[in-house]
Amino acid sequence: MPAFFEPAFACPDTLADLWHAARHAYLECPLPAVFKELTLLLALRRAGAGLVEHALALTRLGRAPGEVLAVLDDPRAFVEQLPARRDGLRERLREGHLHLETWPEDPVLHDILMGCGLAFAADARDGAEGRALLAACLTPALYARWTALVAYARSRAAWYELHPDLGQRVDPPLVETHAWLLREAPGLARHFGDPATSARPLIAPALLRLIDAVPTGILQLDARGAVVMSNTTAQRLLGHSAAALAALTIDELETGALRDDGHPLGPASPLRRCLELGKPQPPMTVGLRTARGELLWTSLTAVPVDDDGQGAAAIMVTLVDISERRKIERALQESEIKYQLLVEASDVFLLCFDRRGIIFHANELIADLFSSTVDSLIGKSLADLAPDLPELAEAYLARFEQVMESGIGVSVEEMIEVRGKNGWFSSTVVPLRDFDGEVTGVQVVARDITRRRRAEIALRAREERSRHDSLHDPLTRLPNRQAFMEKLESALQAVRQGRPAFAVLCLDLDRFKNINDSLGHSIGDRLLISFARLLQDCVGADDLLARLSGDEFGILLPNVQDASDAIRVADRILGQLKQPLALREQEVYTSISVGITWSALGYERTEDILRDADTAMHRAKRRGKSRYELFDADMHAEAVAQLTLESDLRRAIERGEFEVYYQPVIDLVSGQISGFEALLRWNHPTRGLVLPGEFIGCAEETGLIIPIGEWVLREACGQMQRWHAKYPHREALSISVNLSGKQFAQPALIAKALHESMLVPSSLKLEITESVIMEDPKTASELIEQLRMEQVHSYVDDFGTGYSSLSYLHRFPMSALKIDRSFISNIGPDGENAEIVRTIVTLAHNLGMSVIAEGVETRAQLDLLAEMGCEFGQGYFFSRPVTSAVAESMISRDCLA
């Protein structure tokens, strides 16, 4: 390491910065080597230090020592030559921009540019034009490398100025070079100095190079005990510069020093003994204090340099850094102690056997296991420990032999009988080796894992139960959807491999919600359990029955010939359900809808199979329940269309595609408009005007009927309020709105619409179908009564098409009864349905209700209804449903009539 770096040894960060700068700006700089060395020579000339190494580098690059002397004696020659170089560059620049990315190979251009740079290095003020010329000719990247070189050269000069003692030093490898340069060009002494002042006492220059190269610290002490020489390794280890070490004596060097046992070194140190006795001292472990006060553990030797029989004229001291070795040895000792303590404190059994199978080490735990002591176990064999189990002893000895021959450890878990009891043990047998690596025996480390194995067995049992529970329905104990899908996937894979086809049945209980709501959930649960048992009796041993969701079940039939096999199973189940299911103290009749599909349709995914079976099941429900349907391609198209309709409906709400049409309700006595029925229409962007019959069913199924119905109610109430405000003398006009079952269960929506529109409650007529009322008669009666108390009128809509239960009708406080158009259309001149309509009108009047006839299309129908005493009518005879603007014009004309 050059002496230039020595002042930075005390600060690793500074040392790293110096080295990084030297490597980046100097060693790895892409500029010509002669250019770099001359730049540094000129920059260091003013500091008068560090010149020898660069002068030597220039001689190796072909420059004579006399040329080096000329540069140092007359650096301004480069400045004086700048005009000529500038003119030469101008000639080159006329030929085109240089903008050099690399240093030019053209010798003329090479010399011109190098002269410019050296002029600036020699005199930054007078040579500034040289810097400008370089900036004009080089790319920014190459120019930056040159400026980094100049900055590094100046920083080196500043470093020497801050550390003047370095100027009096010559690095040992350069001592002979120093002398040779002075012999070749004596004038260099004016710049280099006298090499005699830089030599180290009692050491030849050639030997100095060797001393600095060795990784061992070397000190030379004179007869007085003063340090007269130190190599760079010693300086690094002790953290002192050469000058700082030269100022130390034995007393200062041994201040705070310790022996290997940690006691102070004392006066009888190897250094003093060597000086006093003049005899070499053997290596001794000594802890010396560094410049920072840290303890440096070394292997220290001392030998006399010159022995005249009366003592050493000087001694040579070697220092080998053993700090890391000492740490490792200490760590090994501590590790061994910890290992021994750990073994004794742990729950492992430890035995060590020699090659003959004789125990030479054991711990207390293994001694307790055999009701013995450690000392009693030493010297025994396995046969001595287990005299009743010779086979076990032989098996272990064979295992020991295998480990010793292969040198590879073995781990096993096995059940062993110890003192008449069986237990599980985990044991590891590893080879023991001496310092030469030879196997001398084996070590056995064993652990009683009986509790762990029992816990694992219990855990596996719990996991199996948990796995079973995760795949089975807790109520019916049948496999659940996940288990069904796994089996279905296996069946699908088997079909792909050429196995027979399979079929899937999806079964759903009809009107199960009604049973839950009317009889209670406990009865519903018992119904599901009883139904599951019935299904189990209807399927074969190879068939899979599963509960897929609430009241939906699935059956997987493997090995079917065609769909008729699945149909026979469906018929068997439907036939069984003709009898009631016994639920403890009562019997319940129920029916199911069944959807069927099978693998011959070419399925790729299990999800598609179950989807199609479910689609077929819903088709069975729509076609009257208590039946089965076999899936076909049309069903899939219908299902896709239903999904598309649902998607369009959701967007229709967001985009405001719905519109309310109004059909007038006529007072059959006065002939005037008594109100309007609000009827929903959908202005579909591609299909045009869509009637409710095409989308209300989908809205009911998906729950979209709630936001749609709320919007209709709010829009109709708001429109009627605007008409009341515009035509104040027609405040008797009312608005009729159809209410779905889901809306009927949320009376708050009705109050909200009235509040927001400020419509008088008595102006709102709510039309409720018989089926909605009869789903839950008790709740319906309470809600209708609540509406009546709030002055909102309720109508029975489409009377005669649903339950038509006369016994229930009188229990509901309804304001009016609306006769379905199917009855009105058949009250012709021949009297078809006339008596039925007359009976309905009479019944309504007897119950205090008025009657509205819908679907009036002819004068004859109107006259007959009027003769029967029907108060109101609506239909195409009066008007089709119209927009709000047309309806308003009707009100206006009616007002003028």
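Which helices each supply at least two residues of the lining of the second largest cavity? I should like to open with that question, and I note at the outset that the model before us is predicted.

The answer is helix H2, residues 33–45, helix H7, residues 107–122, and helix H9, residues 140–162. Of these, H9 gives the most to the lining, with three residues. The cavity itself holds about 40 Å³ of space, and it belongs to a set of four cavities of 30 Å³ or more found in a search of the whole structure. Its lining consists of Thr39, Ala43, Arg46, Phe120, Ala121, Val150, Ala153 and Arg154. Sorted by class, that makes five nonpolar residues, one polar residue and two charged residues. As a general remark, empty space is located by rolling a probe the size of a water molecule over the atoms.

I turn next to helix H3, which spans residues 51–60 and is mostly covered, with eight of its ten residues buried. Those buried residues are Leu51, Val52, His54, Ala55, Leu56, Ala57, Leu58 and Thr59. Just after H3 comes Gly62, whose phi is positive, at about 105 degrees.

Let us now consider the sheets. One is an open sheet of six strands in the order S2-S1-S6-S5-S4-S3, paired antiparallel. Strand S2, residues 227–230, and strand S3, residues 258–259, stand at the edges; each has a single partner strand, so one side of each is left without a neighbour in the sheet. For S3, two antiparallel bridges lead to strand S4, residues 281–289, and within S4 the bridge partner of Arg259 is Val286. Helix H16, residues 270–277, packs on this sheet, where it touches strand S1 (217–222), S4, strand S5 (295–304) and strand S6 (314–321). The direction of H16 makes about 10 degrees with that of S5.

A second open sheet has five strands in the order S13-S14-S12-S17-S18, and its pairing is mixed. Its edge strands are strand S13, residues 544–547, and strand S18, residues 627–630, each of which pairs on one side only. On average, neighbouring strands here are turned by 20 degrees against each other, direction ignored. Strand S17, residues 592–598, runs parallel to S18 and is joined to S18 by four bridges, with Val594 opposite Tyr628. Helix H26, residues 563–576, packs on this sheet and touches strand S12 (501–509), strand S14 (552–560), S17 and S18. The direction of H26 makes about 170 degrees with that of S17.

Between these regions in the sequence I would single out one residue, Glu413, which lies in strand S9, residues 410–418. Is Glu413 buried or exposed? Neither word fits, because a relative accessibility of 39% makes Glu413 partly exposed. Beyond its neighbours within four places in sequence, Glu413 is in contact with Trp424, Phe425, Ser426, Ile449, Arg452 and Arg453. As a marker of distance, the C-alpha atoms of Glu413 and Ala725 are separated by 93 Å, the two residues being 312 residues apart along the chain.

Finally, I come to a group of linked strands later in the chain. Strand S19, residues 658–667, has eight of its ten residues buried, so S19 is largely enclosed by the rest of the structure. Nine bridges connect S19 with strand S20, residues 673–684, in the antiparallel sense, and Val660 stands opposite Leu680. The hairpin of S19 and S20 has five residues between the strands, and there Gly671 takes a positive phi near 80 degrees. S19 is also joined by two antiparallel bridges to strand S27, residues 872–874, where Asp667 has Phe872 as its bridge partner.

Phe872 of S27 is likewise the bridge partner of Ile852, for S26 and S27 pair in the parallel sense over three bridges. All five residues of strand S26, residues 850–854, are buried, so S26 is largely enclosed by the rest of the structure. In a regular strand the side chains alternate between the two faces of the sheet. In S26, Ser850, Ile852 and Glu854 point one way, while Val851 and Ala853 point the other way. Strand S25, residues 816–819, is joined to S26 by four parallel bridges, and Leu817 stands opposite Val851.

Notes:
Residues are numbered from 1 along each chain as its sequence is written. This is a predicted model: local features need pLDDT of at least 70, side-chain atom pairs count only at pLDDT 80 or more; totals for chains, interfaces and linings use all residues. Side-chain values use heavy atoms; hydrogens and water are left out. Buried means under 20% relative accessible area, exposed over 50%, partly exposed in between (1.4 Å probe, protein chains only). On a 1 Å grid over the protein atoms alone, a cavity is a set of points where a 1.4 Å probe fits but cannot get out, and a pocket is an open set with protein on both sides within 12 Å along at least five of seven lines; lining residues have an atom within 4 Å of a point. Grid points are joined across faces, edges and corners, and a volume is the space filled by probe spheres set on the points. Ala, Val, Leu, Ile, Met, Phe, Trp, Tyr, Cys and Pro count as nonpolar, Asp, Glu, Lys and Arg as charged, and the others, Gly among them, as polar. Two strands pair if DSSP finds at least two bridges between them. Contact means heavy atoms within 4.5 Å. Axes are lines fitted to C-alpha atoms, for helices over the stretch in contact, and angles run from 0 to 180 degrees between N-to-C directions.
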